[in-house]
Structure formats: structure tokens, C-alpha cells
Amino acid sequence: MTDPAAQLLEAHRRLCAEFGCPLSYFHALDPLDELVSSLLSHRTRNADSARAFRTLRERFPDWEAVRDAPVEEVEDAIAACTWPEAKAPALQRTLHAVTERRGVLDLSHLASMTAEEAREWLQSLPGVGPKTSAAVLSFSTMRGRALPVDSHHHRVAQRLGVIPPRMAVGPSHRVMEAMLPAEWGAQEVYDHHQVLMRHGQKTCHFHAPACGRCVLLDICPTGQSRRASPFTAEAEPDYPPPP
């Protein structure tokens, strides 16, 4: 299989069978809450960014208070994240920018926009890139049709040959979203992100991917190459899947 879109959709079909699509949404946050959550999650484990988000909500009465607080207080509240010293002032800059453009700290206006318009508006904010804008649309209560691409999702796509080896995460959003069927709704696009991400977390690891138990092995050129090498094959025992 050489067509990237066909490769991606076959991977989607197999992984949906493995993980049981349609999948439940893991968040029910409003768009502004989701924006904050997504900004905290950059290069941070989900459990740690969730803890930082909860601490912010516990220590401050609302996002206006987070926006206007001494930066040291925000940094202390999000200490569970990676780079809290950078994320605290960045988060406040984003919240200030929303206020300046809207006159109020609120993102409800996004619901009246197309997905493309909403993502463009969000990406005009400081610190908001393609992944964060897609996450706000897809994961929040907007339940919009947008494809976030995280590092796990990106790695699986590269190893399958769907995107070039040197394509960065940012540009990959538009490339991979364009491969998805036009008739897919928000749920199918959400499932697509989730199953590729979960596959990257559970099987297609950054180091020593478990190719021997991968349901995509026969369509994965990287996995086949690794299995054919005596060096990588010996280093890759067929571990049972994690619980």
C-alpha cells in the first residue's frame, strides 16, 4: 500500500477495531477551560497537566484572577507541568490577548464560526499553534471537527510512511487532516486522533517499539525494516500489551 491516505485509513480501520470506536470524549470542558488545559499539556504527561489544571482551579476563583495574578503565584500553581516558569507568563499573555480582542475572557463566539475560522482566530493568539487550536475545537464541549496531532500520533504516521520523516508536527496537521474523508464528522475525526495516539503510547513507542505485536506491522515499512534487522529484532521481545 503506497497511497498515504489509503495507508492512514487502513490504520484507522484496524486501530478502531482494536480500541472500540466510537470512543467517549475524555473532557467536557468549555472552550476557554480547554484552551488553558491544552496550553498546560505541552510536553507534559497527561496526569501532570491535569494536576496543574486542577490546582489552578482550586487556587483562583476564575481565569480573570489567573490572568491578573503575580506570575510567581501562577508558576507555583502549575509546578506539576514541565517548564512552569515559561508556561505561567505564556498563559497570562494568552488570557490577556483573549480579553483585549473580545472585551471579556470568553470564547463562546467560536461556536458561530466555521472550524477553519475558529482555528484561525485561536492561532492568532500568542502561544497557540495548530495542535492547541484543534484541541480546543475537538476536545471541548464545542465537539468540533478538527484533528489534533500529538507526538505519539505524529510518530505513528511517520513510521507508516503517511508523512515524510522530516515533517514537523505543526505542518502535519493540515496534511493529515486533508487525507480524512470529507464525510467524516467530529466523532470520526476525534476517534482517529485517539486511536493513533493510543497506539503510539501502548505499542509504537519512541524507543523499542513493540513491532512483534503490532496490528499494523504488515503495512508498516518501518516495522518491517526493524523486524528484518537482527539487531532490532533481538532488542524487541514480543511483550504482552500493557494493561
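**Exercise 1. The surroundings of α9**

Task: In this predicted model, find which residues of α9 are buried, and state which helices they pack against.

Solution: Begin with the residues themselves, where His153, His154, Arg155, Val156, Ala157, Arg159 and Leu160 of α9 are buried. Next, set this against the length of the helix: seven of the 10 residues of α9 are buried, so α9 is largely enclosed by the rest of the structure. Finally, look outward from the buried residues, which pack against α1, α10 (169-179), α11 (186-202) and α12 (221-228).

**Exercise 2. A serine in the loop before α9**

Task: Locate serine 140, decide whether serine 140 is buried or exposed, and list what serine 140 touches beyond its sequence neighbours.

Solution: Serine 140 is placed in the loop that runs between α8 and α9 (151-160). Its relative accessibility is 0%, and because buried means under 20%, serine 140 counts as buried. When residues up to four places away in sequence are set aside, the contacts of serine 140 are Leu29, Asp30, Pro31, Glu34 and Ala135.

**Exercise 3. How α2 and α6 pack**

Task: Describe the packing of helix α2 with helix α6, giving the angle and the distance between their axes, and then name the residues that meet.

Solution: The first step is geometric, since helix α2 (residues 31-41) and helix α6 (residues 84-102) pack at an angle of about 155 degrees, their axes being 10 Å apart. That angle makes α2 roughly antiparallel to α6, because angles over 145 degrees count as roughly antiparallel. The crossing in which α2 passes α6 is right-handed. The second step is to read off the residues: from α2 come Leu32, Leu35, Val36, Leu39, Leu40 and Ser41, and they meet Lys87, Leu91, Thr94, Leu95 and Val98 of α6. Sorted by class, the residues of this contact between α2 and α6 are eight nonpolar, two polar and one charged.

**Exercise 4. How α7 and α8 pack**

Task: Carry out the corresponding analysis for α7 and α8, beginning with the approach of their axes and the angle at which they cross.

Solution: The axes of α7 and α8 come within 9 Å, and they cross at roughly 130 degrees. The two helices α7 and α8 are therefore oblique to each other, and α7 passes α8 in a right-handed crossing. On the side of α7 the contact involves Ala115, Ala118, Arg119, Leu122 and Gln123, which meet Pro130, Ser133, Ala134, Val136 and Leu137 of α8. The classes represented in the contact of α7 with α8 are seven nonpolar, two polar and one charged.

**Exercise 5. The nonpolar cores**

Task: Find how many residues the largest nonpolar core has and which of them have the most contacts inside it, and then follow the contacts of leucine 56.

Solution: A useful background point is that, in soluble globular proteins, nonpolar side chains tend to be buried together. The largest nonpolar core here has 34 residues, and those with the most contacts inside it are Leu35, Leu56 and Leu122. Two or more residues are given to this core by each of α2, α3 (46-59), α4 (63-68), α5 (71-77), α6, α7 (115-123) and α8 (130-139). Turning to leucine 56, and leaving aside its neighbours within four places in sequence, one finds contacts with Val36, Leu40, Trp63, Val66, Val74, Ala77, Ile78 and Leu91. Apart from this core lies another, of 29 residues, among them Phe19, Val149, Tyr190 and Leu196.

**Exercise 6. Backbone exceptions**

Task: Examine the backbone at proline 22, arginine 43 and tryptophan 83, and place each residue in its loop.

Solution: The general expectation is that most residues other than glycine have a negative phi, and that most peptide bonds are trans. The peptide bond from cysteine 21 to proline 22, however, is cis, with omega near 0 degrees, and proline 22 lies in the loop between α1 (4-19) and α2. Arginine 43, although not a glycine, has a positive phi of about 55 degrees; arginine 43 belongs to the loop between α2 and α3 and is exposed, with a relative accessible area of 63%. Tryptophan 83, likewise not a glycine, has a positive phi of about 50 degrees. Tryptophan 83 sits in the loop between α5 and α6, and at 46% relative accessibility tryptophan 83 counts as partly exposed.

Note on methods
Residues are numbered from 1 along each chain as its sequence is written. This is a predicted model: local features need pLDDT of at least 70, side-chain atom pairs count only at pLDDT 80 or more; totals for chains, interfaces and linings use all residues. Side-chain values use heavy atoms; hydrogens and water are left out. Axes are lines fitted to C-alpha atoms, for helices over the stretch in contact, and angles run from 0 to 180 degrees between N-to-C directions. Helices (H or I, at least four residues) and strands (E, at least two) are DSSP runs, numbered from the N terminus. Angles under 35 degrees count as roughly parallel, over 145 as roughly antiparallel, 65 to 115 as roughly perpendicular and the rest as oblique. A crossing is left-handed if the near helix is turned anticlockwise from the far one by less than a right angle, and right-handed if clockwise. Contact means heavy atoms within 4.5 Å. Ala, Val, Leu, Ile, Met, Phe, Trp, Tyr, Cys and Pro count as nonpolar, Asp, Glu, Lys and Arg as charged, and the others, Gly among them, as polar. A nonpolar core is a set of buried Ala, Val, Leu, Ile, Met, Phe, Trp, Tyr and Cys residues joined through side-chain atoms within 4.5 Å. Buried means under 20% relative accessible area, exposed over 50%, partly exposed in between (1.4 Å probe, protein chains only).
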